[in-house]
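The exercises below are meant to be worked through with the coordinates open beside the text. Each task is followed by a solution that proceeds step by step.

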Amino acid sequence: MIQFKKVIKKYNHHFTALDGIDLEIKDGEFVSLVGPSGAGKSTLIKMLIKEDRPSSGKVILDEVDLADVPDKEIPFLRRKIGTIFQDFRLLESKNALENVAFALEVVGAEDDDIAKDVEQVLAIVGLADKKKNFPKELSGGEKQRLAIARALVHRPKIILADEPTGNLDLVNSFDVVKLLWRINELGTTVILATHDDKIVNTVGKRVISMDKGRIVRDQLEKGKYII
Amino acid sequence: MVEISNKQSFKRILKSGWTNFRRNRFMSLGATGTMALALLVLSGLMVLNFFTSQTVGFLDEKVDVSVYFQNDAKEDQILKIKSDLEELQNVKLVNYISQNQALEDFKNRHQDDQLIQDSIAELENNPLQASLSIKAVDPSQYASIAQFLESNSLKSVIDKISFYENETAINRIQGISRSLSRGGLGVTLLLALVAVLVTFNTIRLTIYNKKQEIEIMKLVGATNWHVRGPFLVEGGLYGLFASLAALAVFYPAIHFVSGKLLSFAPNINLFQHFIGNLGQMFLIIVGSGLALGIFGSMIAIRRHLRV
């Protein structure tokens with residue numbers, strides 16, 4: 001379970017990115033986080049992987065206050081979570097197979113398991129025949145599917161997707177969302193931050209609307225993109 | 001999940017370092033080339049040091065001081081002075097040459113010159129003087145040795161001390177050897193510093209190019225060692241290949257130079273010296289290469305690990 005308690009994030013005392021966020025997300029939920037750019041969606045996601053810290057308030061993941069997680073333990077926190085970014089963030093010097101395998105090497109998996117799981121997850125995202133290709137040899141949609149494969153392969157409890165369709169056309173965008181959907185059906189919590197109304201309206205699950213660092217609407221079921 | 005053994009993760013790091021080295025052929029070649037040049041400079045400095053120490057030794061060998069005695073000086077007086085001298089700390093060696101010995105040496109030196117041989121045979125008395133030739137531990141100490149002789153109680157039997165005749169020459173030689181060793185050390189330190197800085201900077205740029213990759217690795221949950229390991233291996237590989245390349249250039253080069261050098265400095269055999277110390281040379285160059293590569297990478301990567 002994810003909890004935000006009165007979380008405030010200020011940059012340079014002038015700009016308030018998050019202005020008192022109170023939020024609870026249960027295990028296995030699919031949450032769409034919507035709002036215009038600058039609403040605070042990305043900041044919220046950064047808090048969860050401790051890429052950024054709140055100025056005040058608490059972020060709690062599975063009963064653990066993230067403020068109590070020492071720097072040394074951050075890698076272990078991040079391994080519980082799979083993250084997908086708008087700009088893919090793939091390792092350019094590694095091929096598709098190695099990009100996915102890296103996430104498993106990091107958690108210390110055995111070579112045999114890595115080989116098996118990577119093949120499997122690449123098949124799920126439809127990249128089985130491109131495993132030797134480097135990121136620069138893949139299309140935008142393929143890159144994002146590869147990023148999803150990497151986020152998925154170590155079976156995290158939570159998937160965070162920050163504008164995963166921001167660089168993709170409509171067809172590829174729907175492919176990505178369908179994948180996230182399937183992942184969610186297998187029991188993984190998915191948090192999807194986006195400003196793409198068509199996608200949100202298709203998903204039709206819990207929708208949290210943000211604006212200027214605040215939560216302005218929280219539709220628990222069959223949510224629509226409304227600001 | 002079961003934690004895998006250190007051996008396996010070490011193997012993984014080695015493999016990943018090697019893959020990075022291979023895939024970034026261009027960058028690896030640049031870094032390795034720069035390091036090889038730096039290591040060549042280092043080897044060149046060792047040649048320079050060898051040279052200066054040889055030359056300084058050679059010059060110092062040339063310097064000594066002789067004391068010549070009056071013809072009526074008794075042998076036990078001379079031997080007393082000799083033992084006095086030998087008690088001095090800054091005296092390395094004292095050699096006694098008696099009048100007869102001096103004559104013998106003189107004859108031998110001129111054995112091909114019939115005129116001199118004949119004239120010597122004509123003489124009734126031995127015209128040559130007995131002498132002590134003195135070697136100091138350090139050439140700067142001859143003045144004090146000369147002074148010691150001046151103040152000796154048996155000064156009356158001393159005819160002359162060669163130091164005063166050769167003083168300027170001795171001082172000049174001393175000056176040359178001193179500035180040679182000092183200059184050699186200065187140049188060594190300076191060039192070694194340049195080599196280290198250039199190498200370090202090359203590695204820093206190589207790693208800077210991968211700044212984003214490092215950031216991504218950290219976001220995927222890699223610990224610092226997961227990120228650092230392959231870079232250290234890569235740095236070590238630069239060092240290893242650079243040192244092998246440097247040695248492969250160095251030995252043929254000194255073989256070539258050594259041949260040219262023998263014609264005017266026959267007592268300095270450069271190639272022989274470095275072949276004789278091949279093992280040591282190998283250790284120094286490969287060791288410096290590895291150390292430069294690995295520590296360079298370690299320092300260069302440090303600032304990128306805070307994500």
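**Exercise 1. Domains of chain B**

How far apart do the C-alpha centres of domain 1 of chain B and domain 2 of chain B lie?

Solution. Keep in mind throughout that this is a predicted model. Begin with the assignment, in which domain 1 of chain B is made of residues 6–59 together with 175–302, while domain 2 covers residues 63–169. The C-alpha centres of domain 1 of chain B and domain 2 of chain B are then found to be 52 Å apart.

Next, set the annotations beside these bounds. An unreviewed UniProt entry places the feature "domain: FtsX extracellular" at residues 63–151 of chain B, and over that stretch the chain is 47% helix and 20% strand, with its end C-alpha atoms 22 Å apart. The annotation "transmembrane region", likewise from an unreviewed UniProt entry, covers residues 26–51, 185–207, 237–258 and 278–301 of chain B. Two of these stretches can be checked against the secondary structure: residues 237–258 of chain B are 100% helix, with 31 Å between the end C-alpha atoms, and residues 278–301 of chain B are also 100% helix, with 34 Å between the end C-alpha atoms.

**Exercise 2. The two faces of a helix**

Determine which residues of helix α6 of chain B are buried, and how they are arranged about the helix axis.

Solution. Start with the neighbour counts, for which the buried class requires 20 or more other C-beta atoms within 10 Å. In α6(B), which spans residues 142–150, the buried residues are B:Y142, B:I145 and B:L149. Looking down the axis of α6(B), one finds these buried residues within an arc of 60 degrees, so they line one face of the helix. The general background is that an α-helix has 3.6 residues a turn, so residues three or four places apart point the same way. On the face of α6(B) turned away from the buried side, the exposed residues are B:S144, B:Q147 and B:E150.

The last step is to ask what the buried side meets. The buried residues of α6(B) pack against β1 (65–69), β2 (91–97), β3 (131–136), β4 (158–161) and α7 (162–208) of chain B.

**Exercise 3. One residue in the packing**

Is B:V65 buried or exposed, and which residues does B:V65 touch?

Solution. Locate B:V65 in strand β1 of chain B. Because B:V65 has 24 C-beta neighbours inside 10 Å, it counts as buried. Leaving aside residues up to four places away in sequence, B:V65 touches B:I134, B:Y142, B:I145, B:A146, B:I161, B:S162 and B:F163. Of the residues in this list, B:Y142 and B:I145 are among the buried residues of α6(B).

**Exercise 4. Sheet and hairpin in chain A**

Work out the strand order of the six-stranded open sheet of chain A, then examine where positive phi values occur at A:K6 and A:D62.

Solution. The order of the open sheet is β6-β7-β8-β3-β9-β10 (chain A), and the pairing is mixed. Its edge strands are β6 (81–85) and β10 (214–219) of chain A, each of which pairs on one side only, and the twist averages 15 degrees from one strand to the next. At one edge, β6(A) runs parallel to β7 (residues 158–162) of chain A, the two being joined by five bridges, with A:I84 opposite A:A161. Helix α6 (residues 170–185) of chain A lies across β3 (30–34), β7 and β8 (189–194) of chain A, and runs at about 155 degrees to β8(A).

Turn now to β1 (residues 2–11) of chain A, which is joined by five bridges to the antiparallel strand β4 (residues 56–61) of chain A. The strands β4(A) and β5 (residues 64–65) of chain A also pair in the antiparallel sense, over two bridges, and A:I60 stands opposite A:D65.

For the backbone angles, recall that most residues other than glycine have a negative phi. A:K6 has a positive phi of about 50 degrees although it is not a glycine; A:K6 lies in β1 of chain A, and it counts as exposed because it has 12 C-beta neighbours inside 10 Å. A:D62 takes a positive phi near 50 degrees in the hairpin of β4(A) and β5(A), which has two residues between the strands. A:D62 is exposed too, with 11 other C-beta atoms within 10 Å.

**Exercise 5. The contact between the chains**

How many residues does each chain bring to the contact, and which helix of chain A gives the most?

Solution. Chain A brings 19 residues and chain B brings 14 residues. On the side of chain A that touches chain B, α2 (74–79) and α3 (96–106) of chain A each supply at least two residues, and α3(A) gives the most, with four residues.

Key. Residues are numbered from 1 along each chain as its sequence is written. Chains are lettered from A and ligands numbered from 1 in the order in which they are written. This is a predicted model: local features need pLDDT of at least 70, side-chain atom pairs count only at pLDDT 80 or more; totals for chains, interfaces and linings use all residues. Domain bounds come from an automatic or database domain assignment. The arc is that of the directions from the helix axis to the C-beta atoms. Two residues are in contact if their C-beta atoms, placed from the backbone, lie within 7 Å. Two strands pair if DSSP finds at least two bridges between them. Axes are lines fitted to C-alpha atoms, for helices over the stretch in contact, and angles run from 0 to 180 degrees between N-to-C directions. UniProt positions are given in the numbering used here, feature names are shortened, and annotations may be inferred rather than shown by experiment.
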